[in-house]
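Morning, everyone. I have one structure to go through today, so let me put it on the screen.

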Amino acid sequence: MKKSLTIRRPDDWHLHLRDGDMLKAVAPHSAEFGRAIIMPNLVPPVVTGEQAGAYRDRIMQALPEGAALRPLMTLYLTEATDPNDVVAAHADGLIAAVKLYPAGATTNSSSGVTDFDKVRPVLEAMADADVPLCVHGEVTDPEVDIFDREAVFIERVLDPVRRATPGLRVVMEHITTEDGVAYVRDNAAGQAMGGTITTHHLVINRNAILAGGIRPHYYCLPVAKREKHRLALRQAAMSGQGPFFLGTDSAPHTDSAKLQPCGCAGCFTAPNTMAILAQIFDDEDRLDRLEAFTSLNGPEFYRMAPNDATVVMRRHDAPISFPDRITVGDETVTVFDPGFDLFWQMEPA
Ligand SMILES: [Zn+2]
């Protein structure tokens with residue numbers, strides 16, 4: 001049995017750090033990652049290069065001394081986004097990508113896009129300047145069943161947008177279905193498409209949320225789907241193949257916001273993500289593919305070098321422990337519970 005594994009320092013290609021007290025509380029839990037794509041869905045959202053720069057400074061202040069993490073900022077695409085601002089912010093190294101939320105799709109997405117014709121000039125400028133577009137891949141049409149929203153998004157939005165904007169490179173974020181896996185794989189030539197997969201979607205299916213009592217801490221968007229989809233995600237993540245890489249979508253909400261008649265969507269996985277991933281790759285005898293998923297495929301898509309530094313994943317003889325929750329002011333945030341013992345832990349090399 002393998003007891004340790006040295007890999008390039010991992011990156012997180014989809015992370016929510018929020019702002020204010022929440023930012024200060026959660027940022028240290030991602031400090032051991034090399035880079036992270038930071039989601040812009042604050043209130044109000046991060047829509048200009050200037051705002052992205054100011055948010056980046058707040059993140060740097062919230063990180064502990066010696067943190068490895070370098071935040072890669074994104075802009076929130078709105079129907080009023082200025083193509084020149086996007087291209088300039090990318091050229092200045094201020095942003096790494098632009099994020100598309102269909103209006104109303106998830107937490108703080110009310111400024112998102114309804115009319116895709118209005119953002120065509122931005123998307124064309126991004127294609128020319130090689131700025132990747134990260135998409136929350138769900139339609140928001142109330143007629144569409146929530147479990148079908150990803151598959152319908154591919155057909156109604158993603159594929160038409162890609163056809164209308166040749167050269168635009170797209171990350172389909174937090175894929176949750178075999179349809180998403182297939183679309184990314186079939187369109188990955190020339191790094192035209194990438195797909196991030198979260199830690200929690202590799203662990204839970206929809207039963208975790210709904211069977212035997214409702215469990216709000218497993219509710220996230222896109223919502224977890226049937227078991228066959230979870231298995232397709234596992235296969236993609238463990239394939240070692242280029243288009244699939246880690247984006248945790250670690251999305252903290254206070255317990256009081258989660259435990260409501262209408263609770264917030266999001267799983268907070270930053271504290272134990274690498275432990276969970278090493279565990280499930282080990283369980284499936286695929287530890288040799290962990291590094292590709294967490295540390296190599298993402299930078300390749302974003303046309304960056306892998307991190308120089310390495311980390312050691314070590315397997316302990318007894319299960320390791322994580323706090324059930326962390327404190328934010330006088331509130332708490334519950335840490336994702338995978339529901340099985342974790343023996344692996346990441347150590348600085
Ligand atoms: Zn997210």
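I will start with the overall form, then take two helices, and finish with the cysteines.

Keep in mind that this is a predicted model. The protein has 12 helices and 13 strands. Along the principal axes, its C-alpha atoms fill a box of roughly 55 × 45 × 45 Å. For 349 residues, a compact globule would have a radius of gyration near 20 Å, and the 19 Å of this protein agrees with that.

How much of the chain is buried? Buried residues come to 56% of the 349. As for how the chain packs on itself, take the contacts between residues at least 6 apart in sequence: 74% of those join residues at least 24 apart.

On the outside, the protein exposes about 14100 Å², and carbon and sulfur atoms supply 48% of that area. The charge count is 33 positive side chains and 47 negative ones. The centres of these two sets lie 4 Å apart.

Now the two helices. The earlier one to look at is α4, residues 120-129. Its buried residues are Val-122, Leu-123, Ala-125, Met-126 and Ala-127. A general reminder here: an α-helix has 3.6 residues a turn, so residues three or four places apart point the same way. What lies over the buried residues of α4? The cover includes helices α3 (83-91) and α5 (149-164), along with strands β5 (95-100) and β6 (133-135). Just after α4 comes Asp-130, with a positive phi of about 55 degrees.

Helix α11, residues 273-283, is mostly covered, with 10 of its 11 residues buried. Among them are Met-274, Ile-276, Leu-277, Ile-280 and Phe-281. The buried set also includes Thr-273, Gln-279 and Asp-282. After α11 we reach Asp-285, where phi is again positive, near 60 degrees.

Last, the cysteines. How many disulfides does the structure hold? Zero. Cys-220 is in no disulfide, and the nearest cysteine sulfur, that of Cys-267, is 4.4 Å away. A disulfide would need the two sulfur atoms within 2.5 Å, so that pair does not count as one. Cys-220 itself is buried, with a relative accessible area of 2%.

Cys-264 is in no disulfide either; its nearest cysteine sulfur belongs to Cys-262, 7.8 Å away. Is Cys-264 buried or exposed? It falls in between: Cys-264 is partly exposed, at a relative accessible area of 26%.

That is the end of my slides.

Notes:
Residues are numbered from 1 along each chain as its sequence is written. This is a predicted model: local features need pLDDT of at least 70, side-chain atom pairs count only at pLDDT 80 or more; totals for chains, interfaces and linings use all residues. Side-chain values use heavy atoms; hydrogens and water are left out. Buried means under 20% relative accessible area, exposed over 50%, partly exposed in between (1.4 Å probe, protein chains only). Helices (H or I, at least four residues) and strands (E, at least two) are DSSP runs, numbered from the N terminus. The radius of gyration is taken over C-alpha atoms; the globule rule is 2.2 Å times the number of residues to the power 0.38. Contact means heavy atoms within 4.5 Å. Accessible areas come from the Shrake-Rupley method with a 1.4 Å probe; for residues, only the protein chains shown count as cover. Lys and Arg count as positive and Asp and Glu as negative; His and the chain ends are not counted. The place of a charge is taken as NZ of Lys, CZ of Arg, CG of Asp or CD of Glu.
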